[in-house]
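Thanks for sharing this one. Here are my notes as numbered points, so that you can take them one at a time with the viewer open.

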Protein chains: 2
Amino acid sequence: MADERTARERIRDAALELFAEAGVAATPVRAVAARAGVSTALVMHHFGSKDALRTACDEHVAATVRARKTASVGAGADPLAALRASGDGPPLLRYLARTLLDGAPQVADLVDEMVADAQVYTEAGVGTGVVRPTDFPRERAVVLTIWSLGSLVLHEHVSRLLGTDLLGDPRSTGGYTLPATEVLTRGVITEPSYQQVRAAFAALDAERTAPDQETPDQETPHRGEGR
Amino acid sequence: MADERTARERIRDAALELFAEAGVAATPVRAVAARAGVSTALVMHHFGSKDALRTACDEHVAATVRARKTASVGAGADPLAALRASGDGPPLLRYLARTLLDGAPQVADLVDEMVADAQVYTEAGVGTGVVRPTDFPRERAVVLTIWSLGSLVLHEHVSRLLGTDLLGDPRSTGGYTLPATEVLTRGVITEPSYQQVRAAFAALDAERTAPDQETPDQETPHRGEGR
DNA sequence: ACACTGACTGAACGTACGGTCAGCATGGAA
DNA sequence: TTCCATGCTGACCGTACGTTCAGTCAGTGT
């Protein structure tokens with residue numbers, strides 16, 4: 001019965017859950033108020049408007065993620081491992097997964113920070129021999145962060161396909177983490193195929209910088225059967 | 001002036017664009033009708049309800065993706081390369097990126113097919129020497145498909161971070177494809193770190209199947225500095 | 001005793017929504 | 001010509017939305 005949180009916090013948490021479930025546009029303020037056990041007028045009293053409530057949610061999530069983030073790069077460069085384990089992780093992560101799509105500036109800043117952190121951590125990992133060196137330090141950090149967040153956003157599909165809930169206990173995410181880590185360790189593509197891709201994009205760049213001179217017939221950049 | 005499409009197709013295409021931009025819940029039927037140049041009543045006449053219109057969009061996207069999909073596994077296991085190149089790709093891909101989140105069954109089936117295709121293609125690639133073998137053929141196909149779709153869903157962040165529009169011309173996606181392919185070729189994590197992750201999850205499994213016997217102190221599964 | 005403040009509510013307002021309906025053209029079949 | 005089916009519209013309906021407002025109540029300082 002005793003709910004230690006203030007009414008303002010209860011409203012914000014209720015909004016977080018409902019916005020995460022159905023999206024902001026599909027969630028009436030009345031539903032938020034009902035879930036928090038208050039009147040709709042009190043929601044307006046505390047936040048001023050539905051949009052301001054949404055912004056407050058964005059800021060709360062961003063602040064919490066910032067507070068909880070740790071340098072855990074070993075298991076697949078996962079910037080959210082600490083959050084996953086914490087009690088209030090699931091609703092927060094669900095909300096984050098939703099709002100990664102509708103371009104809230106607070107969330108965009110958060111992603112930028114995650115990328116910067118990932119770059120620092122991977123470069124440190126290169127020093128300690130945990131992480132391989134790369135030709136594209138920043139771009140690799142972007143790619144790894146995007147993949148990590150992308151699997152979070154699509155957690156429903158991951159759950160259906162692998163039976164692994166990425167929003168739950170990190171110790172039970174092996175169904176996803178194991179193959180992902182295998183890919184991130186041993187790779188998928190063989191070296192000659194990679195060189196073909198590199199050459200194809202280099203040719204495209206050359207064609208763009210000097211578009212007048214003729215280029216040899218190469219309309220499909222990835223051939224696939226070359227050995 | 002001559003628009004060859006029927007009014008029904010114009011409505012469906014307008015809905016596709018608007019739903020992709022702002023989401024279904026935030027798009028009024030009136031806006032769809034206005035974009036298509038018809039009355040709102042005609043939208044209802046053709047589709048019956050907003051929800052049915054949404055379903056029609058889902059089915060149209062699924063059908064188009066199925067029609068366009070090709071076996072292009074060389075450049076990072078991208079199941080949507082053909083679609084990207086085609087003219088009506090962008091709005092379709094934008095819609096797909098949106099609806100991958102709200103669990104439409106047609107889209108879920110589509111994802112399942114993509115995974116199945118990815119598994120077939122990667123296993124064929126192992127035979128021709130383009131793709132490396134794996135301990136988890138199906139799980140690897142899931143992971144690669146999820147990463148590919150995840151980067152599509154987060155294309156806005158990719159664009160901001162790398163200046164590369166994944167929805168546009170595939171020949172100008174090198175900013176993303178090159179580092180992604182490098183990661184998928186040479187890996188990120190070193191072999192000993194991978195073995196640590198494997199051992200940690202194996203220990204967790206053992207603990208779960210025989211939870212009574214004591215296990216050695218290992219509360220954090222990824223240590224990171226072990227060498 | 002009074003005044004003031006902030007949390008909080010029930011009722012209401014204006015609006016924009018999804019959906020309905022009667023009816024108007026057009027056109028091929030009878 | 002009559003008929004009905006189809007594509008289509010403007011006007012309308014009930015509802016649910018975001019927001020406003022007047023006012024209650026408890027606490028606090030004076």
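1. A question to start with: how far is a phosphate oxygen of DNA strand C from an N or O atom in the side chain of His46(A)? The distance is 3.1 Å. Please keep in mind throughout that this is a predicted model, and the figures below are computed from it.

2. His46(A) has company on the backbone of strand C. The side chain of His45(A) places an N or O atom 3.2 Å from a phosphate oxygen of DNA strand C. Ser39(A) also approaches a phosphate oxygen of that strand, here through a polar backbone atom at 2.9 Å. The elements giving two or more residues to the surface near DNA strand C are helix 3 (40–47) of chain A and, from chain B, helix 2 (29–36) and helix 3 (40–47). Helix 3 of chain A has the largest share, with 4 residues.

3. Both protein chains take part around strand C. The strand is surrounded by 16 residues, and the closest are Ser39(A) and Ala41(A) together with Val29(B), Arg30(B) and Lys50(B). By type, the residues of this surface are 8 nonpolar, 5 polar and 3 charged. Looking from the DNA side, 51% of the strand C atoms within 4 Å of the protein belong to sugar or phosphate, and the rest belong to bases.

4. Now for strand D, where you may like to click on three residues of chain A. Arg30(A) reaches a base: one of its polar side-chain atoms lies 2.7 Å from a base nitrogen of DNA strand D. Lys50(A) instead has a polar side-chain atom 2.8 Å from a phosphate oxygen of DNA strand D. Val29(A) uses its backbone, with an N or O atom 2.9 Å from a phosphate oxygen of the strand. Helix 2 and helix 3 of chain A, along with helix 3 of chain B, are the elements that give two or more residues to this surface.

5. Which element gives the most to the surface near DNA strand D? That is helix 3 of chain B, with 4 residues. There are 16 residues around strand D, and those that come nearest are Val29(A), Arg30(A), Lys50(A), Ser39(B) and Ala41(B). The residues of this surface divide into 8 nonpolar, 6 polar and 2 charged. Sugar or phosphate accounts for 51% of the strand D atoms within 4 Å of the protein, with bases making up the rest.

6. On the relation between the two protein chains: a turn of 180 degrees, with a shift of 0.0 Å along the axis, lays chain B on chain A with an RMSD of 0.1 Å. The two copies are therefore related as by a two-fold rotation axis. If you want a landmark for that axis, Gly150(B) is the residue of chain B that comes closest, its C-alpha lying at 1.9 Å.

7. The protein–protein interface deserves a look of its own. Chain A and chain B each bring 76 residues to the contact. About 7,300 Å² is buried between them, 68% of it on carbon and sulfur atoms. Since 100% of the interface residues of chain B are also interface residues in chain A, the copies meet through the same surface.

8. There are polar links here too. Between chain B and chain A, 30 residue pairs are in polar contact. On the chain B side, at least two residues come from each of helix 6 (89–99), helix 7 (105–128), helix 8 (137–153), helix 9 (155–162), helix 10 (174–186) and helix 11 (191–209). Helix 10 of chain B gives the most, with 13 residues. The residues on this side divide into 36 nonpolar, 23 polar and 17 charged.

9. A last point on charges. Side chains of opposite charge can pair when their charged atoms come close. Over all chains, 24 salt bridges are found, and 7 salt bridges cross the interface of chain B and chain A. One salt bridge joins Asp135(A) to Arg186(B), at 3.7 Å from N to O. Within chain A, Glu17(A) and Arg35(A) form a salt bridge whose closest N and O atoms are 2.4 Å apart. That pair links distant parts of the chain, 18 residues apart, with Glu17(A) in helix 1 (residues 7–22) and Arg35(A) in helix 2 (residues 29–36).

Note on methods
Residues are numbered from 1 along each chain as its sequence is written. Chains are lettered from A and ligands numbered from 1 in the order in which they are written. This is a predicted model: local features need pLDDT of at least 70, side-chain atom pairs count only at pLDDT 80 or more; totals for chains, interfaces and linings use all residues. Side-chain values use heavy atoms; hydrogens and water are left out. Contact means heavy atoms within 4.5 Å. Buried area is the accessible area (1.4 Å probe) that two parts lose on being put together, summed over both. A salt bridge is a side-chain nitrogen of Lys or Arg within 4 Å of a carboxyl oxygen of Asp or Glu. A polar contact is a pair of N or O atoms within 3.5 Å; within protein, one must be able to donate a hydrogen and the other to accept it, and residues adjacent in sequence count only if both atoms are side-chain atoms. Ala, Val, Leu, Ile, Met, Phe, Trp, Tyr, Cys and Pro count as nonpolar, Asp, Glu, Lys and Arg as charged, and the others, Gly among them, as polar. A residue is near a molecule or strand if one of its heavy atoms lies within 4 Å of it. Copies are superposed by least squares on the C-alpha atoms of residues with pLDDT of at least 70 in both.
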